[in-house]
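User: I would like to learn how to read a model of this kind feature by feature, beginning with a single residue and working outwards. Could you take me through it?

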Amino acid sequence: MKKLIYLLAVGSTLLACKTPEARRPVSQSTSTSFSQATIERNRALNAADEIAIKDVIAARPDVNFIASENGFWYYYNVKDTLSTTTPETGDLVSFNYDLKKLDGTVLVSQEELGTETYQIEQSNQELISGLRDGLKLMKAGETVTFLLPSHKAYGYYGLDNKIGSNVPLMSTVTLNTIEPKTTEN
């Protein structure tokens, strides 16, 4: 009887040591129609934003627009050619900006927004990705106008009742100060 209990104990131990197997879904959907429709809708939206921005650029041949690596365009209203200091990760920047439609209609003025403070790449502040990327290109005292496709602005959600869904924006930003990150020992 002891041998039987011993064999059962050893057998159950060996079976319990089996490596876990991944569970498979009960039903597998091979349909990608929803994903494809979303991809096509986003491509069409992005193409429409790009056409609208290129129309603005074409209407202003006197302005030197620069295409950024991050998917937006910009030009300098005031450029500092002497300084080489741009914000780095952890630096605290102070800036003013406005939000306009591509035709120049002001949606949110600098006065409404006030002076903003933002810690580069380390803040939980809800700043649109186009401005987060744009601030890293600027030097203190510069004013830059950014042309942002909707996915670099407020995208699908918009902003309260001021900016609708999927609206490309123009934003003029003045970088007031850059405070370098302090290193603590």
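Analyst: Let us begin with D160, which is exposed because its relative accessible area is 68%, above the 50% cut-off. The model is a predicted one, and D160 sits in the loop between β7 and β8. Its backbone deserves attention as well, since D160 has a positive phi of about 45° although it is not a glycine.

User: Which other residue, although it is not a glycine, has a positive phi?

Analyst: N166 has a positive phi of about 55°, and its place is likewise in the loop between β7 and β8. Its surroundings can be read from the accessibility: N166 counts as partly exposed because its relative accessibility is 24%.

User: How should I read the overall fold before going further into details?

Analyst: A careful reading starts with the inventory of elements and their order, and then turns to burial and contacts. Here the chain comes to 4 helices and 8 strands, and from the N terminus on the elements run α-α-β-β-β-β-β-α-β-α-β-β. Buried residues make up 33% of the 185 residues in the chain. Among contacts with a separation of 6 or more, 68% are accounted for by residues 24 or more positions apart.

User: In what sense do β7 and β8 pair, and over how many bridges?

Analyst: Strand pairing is read from the direction of the two strands and from the bridges between them. Strand β7, residues 143-148, and β8 pair in the antiparallel sense over 6 bridges, and one residue pair to look for is F146, whose bridge partner in β8 is S171. Strand β8, residues 169-179, is also joined to β3 by 6 bridges, and these two strands run antiparallel. In that pairing, Y97 stands opposite V173 in β8.

User: Is S171 buried or exposed, and what does its side chain reach?

Analyst: For a residue within a strand, one reads the accessibility together with the contacts. S171, which is found in strand β8, is buried because its relative accessible area is 0%, under the 20% cut-off. Its side chain reaches the backbone oxygen of D98 at 2.6 Å. Leaving aside neighbours within four places in sequence, S171 is in contact with Y97, D98, L99, L131, V144, T145 and F146.

User: How do I read a salt bridge, and where should I look for one here?

Analyst: The general idea is that side chains of opposite charge can pair when their charged atoms come close. The structure holds 7 salt bridges, and one of them is formed by K54 with E50, the closest N and O atoms being 3.2 Å apart. The two residues are separated by about one helical turn because they are 4 residues apart in helix α2, residues 33-59. K54 is partly exposed, with a relative accessible area of 44%, and E50 counts as partly exposed at 32% relative accessibility.

User: Are K100 and D98 buried or exposed?

Analyst: Both K100 and D98 are buried, and they form a salt bridge in which the closest N and O atoms are 3.5 Å apart. D98 is also the residue whose backbone oxygen is reached by the side chain of S171.

User: Which parts of the chain does the salt bridge between K136 and E121 tie together?

Analyst: In this pair, the closest N and O atoms of K136 and E121 are 2.7 Å apart. K136 lies in the loop between α4 (129-135) and β7, and E121 in the loop between β6 (116-119) and α4, so the pair ties together parts that are 15 residues apart in sequence. K136 is partly exposed, with a relative accessible area of 27%, as is E121, with a relative accessible area of 47%. Salt bridges that share partners join E121, D133, K136 and K152 into one network.

User: What should I look for on the surface, and which residues make a nonpolar patch?

Analyst: One reads the exposed area and its composition, and then searches for local groupings of side chains. The chain exposes about 12500 Å², of which carbon and sulfur atoms supply 52%. A nonpolar surface patch of about 480 Å² is made by M1, L4, I5 and L8. M1 lies in the segment before α1 (2-16) and is exposed, with a relative accessible area of 75%.

Terms used:
Residues numbered from 1 in each chain as written. Predicted model: local features only at pLDDT ≥ 70, side-chain atom pairs only at ≥ 80, totals over all residues. Heavy atoms only, no water. Pairing = 2+ DSSP bridges. Buried < 20%, exposed > 50% of the residue type's maximum accessible area, 1.4 Å probe, protein only. Polar contact = N/O pair within 3.5 Å; in protein donor to acceptor, adjacent residues only side chain to side chain. Contact = heavy atoms within 4.5 Å. Areas by Shrake-Rupley, 256 points an atom, 1.4 Å probe, with all protein chains shown as cover. Patch = residues over 30% accessible without salt bridge, like charges linked within 9 Å, V, L, I, M, F, W, Y side chains within 5 Å. Salt bridge = Lys/Arg side-chain N within 4 Å of Asp/Glu carboxyl O.
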